[in-house]
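Me: Can you take a close look at one part of this model for me and then work outwards from there? I'd like the cut-offs spelled out as you go.

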Amino acid sequence: MKENNTKNYTSEQWKEEGKRRFGDNFENWKFVCPKCGNVASGKEFKEAGAEPNAMYCECIGRYTNDKGCNWAAYGLFDICSVHVDGQPVFEFAEE
C-alpha cells in the first residue's frame, strides 16, 4: 500500500465524498485515470457496455477505442493516490 500522499478513506467516507461532489446518482460520479488522465463517469461506462462500478478502478479505454488507456487500479502496480479500505481506486474528478 502506498504511504506518501495517499488519501485513505473508509467505504462510508468515500461514498459520502462522492455524494457531496456529484449527488446521489452513482452513475454521475466521475473519476480520473491515474495513468492517462482521462475522466469518465458511470454513465459513460454504461453507454460503452461496461459495468458502471468499473469507473473507479478501470480506465474507460478498456471499453472504447477512441480515448483513454487500459489501466486498472487492481493491476500489478499501484499508482493510485486514493485507497478505500486499503484498496487502490481512481481519484474523484473535479466537480
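Where in the chain does Asn 70 have its place?

Reply: Quick ground rules before the tour. This is a predicted model, so local features need pLDDT of at least 70 and side-chain atom pairs count only at pLDDT 80 or more, while totals for chains, interfaces and linings use all residues. Residues are numbered from 1 along each chain as its sequence is written, and side-chain values use heavy atoms, with hydrogens and water left out.

Asn 70 sits in the loop between H2 and E4. Helices here are DSSP runs of H or I with at least four residues, strands are runs of E with at least two, and both are numbered from the N terminus. With 55% relative accessibility, Asn 70 counts as exposed; that word means over 50% relative accessible area, buried means under 20%, and partly exposed is in between (1.4 Å probe, protein chains only). Its C-alpha atom is separated by 8.9 Å from that of Lys 35, and the two residues are 35 apart along the chain.

Ile 79 also has its place in the loop between helix H2 (42-47) and strand E4 (82-84). Ile 79 is partly exposed at 33%, and together with Leu 76 and Phe 77 it makes a nonpolar surface patch of about 350 Å². Patch members need over 30% relative accessible area and no salt bridge; nonpolar side chains (Val, Leu, Ile, Met, Phe, Trp, Tyr) are joined within 5 Å, like charges within 9 Å. The areas come from the Shrake-Rupley method with a 1.4 Å probe, and for residues only the protein chains shown count as cover.

Now the two elements that flank this loop. On the helix side, Glu 47 lies in H2 and is exposed, with a relative accessible area of 64%. The C-alpha atoms of Glu 47 and Tyr 63 are separated by 9.8 Å, with their positions 16 residues apart along the chain.

On the strand side, E4 belongs to an open sheet of 3 strands, ordered E1-E4-E5 with mixed pairing. Strand E1 (7-9) and strand E5 (87-89) are the edges; each has a single partner strand, so one side of each is left without a neighbour in the sheet. The twist averages 35° from one strand to the next; axes are lines fitted to C-alpha atoms, for helices over the stretch in contact, and angles run from 0 to 180 degrees between N-to-C directions. E1 and E4 pair in the parallel sense over 3 bridges, where pairing takes at least two DSSP bridges between two strands. Tyr 9 stands opposite Val 84 in E4.

Asp 85 then lies in the loop between E4 and E5, exposed at 51%. Asp 85 is not a glycine, yet has a positive phi of about 50°. For context, most residues other than glycine have a negative phi, and most peptide bonds are trans.

There's another open sheet of 3 strands, in the order E3-E2-E6 and antiparallel. Strand E3 (39-41) and E6 are its edge strands, each pairing on one side only. Strand E2 (residues 30-32) and E3 are joined by 3 bridges, with Phe 31 opposite Ala 40 in E3.

Phe 31 leads into the aromatics. It is part of one cluster with Trp 14, Phe 22, Phe 26, Trp 29, Tyr 56 and Phe 92. Rings of Phe, Tyr and Trp (its six-membered ring) pair if their centres lie within 6.5 Å; planes under 30 degrees apart are stacked, over 60 edge-to-face, and the rest tilted. That rule gives 11 aromatic pairs. Trp 14 and Phe 92 have ring centres 5.7 Å apart and planes at 25°, so they're stacked. This pair links distant parts of the chain, 78 residues apart: Trp 14 in helix H1 (residues 11-22) and Phe 92 in strand E6 (residues 91-92).

Finally, salt bridges: a side-chain nitrogen of Lys or Arg within 4 Å of a carboxyl oxygen of Asp or Glu. The structure holds 5 of them. Glu 91 and Lys 7 form one, with their closest N and O atoms 3.2 Å apart; Glu 91 is in strand E6 and Lys 7 in strand E1, 84 residues apart. H2 joins in as well, since the side chains of Lys 46 and Glu 27 meet at 3.2 Å, N to O, with Lys 46 in helix H2 and Glu 27 in the loop between H1 and E2.
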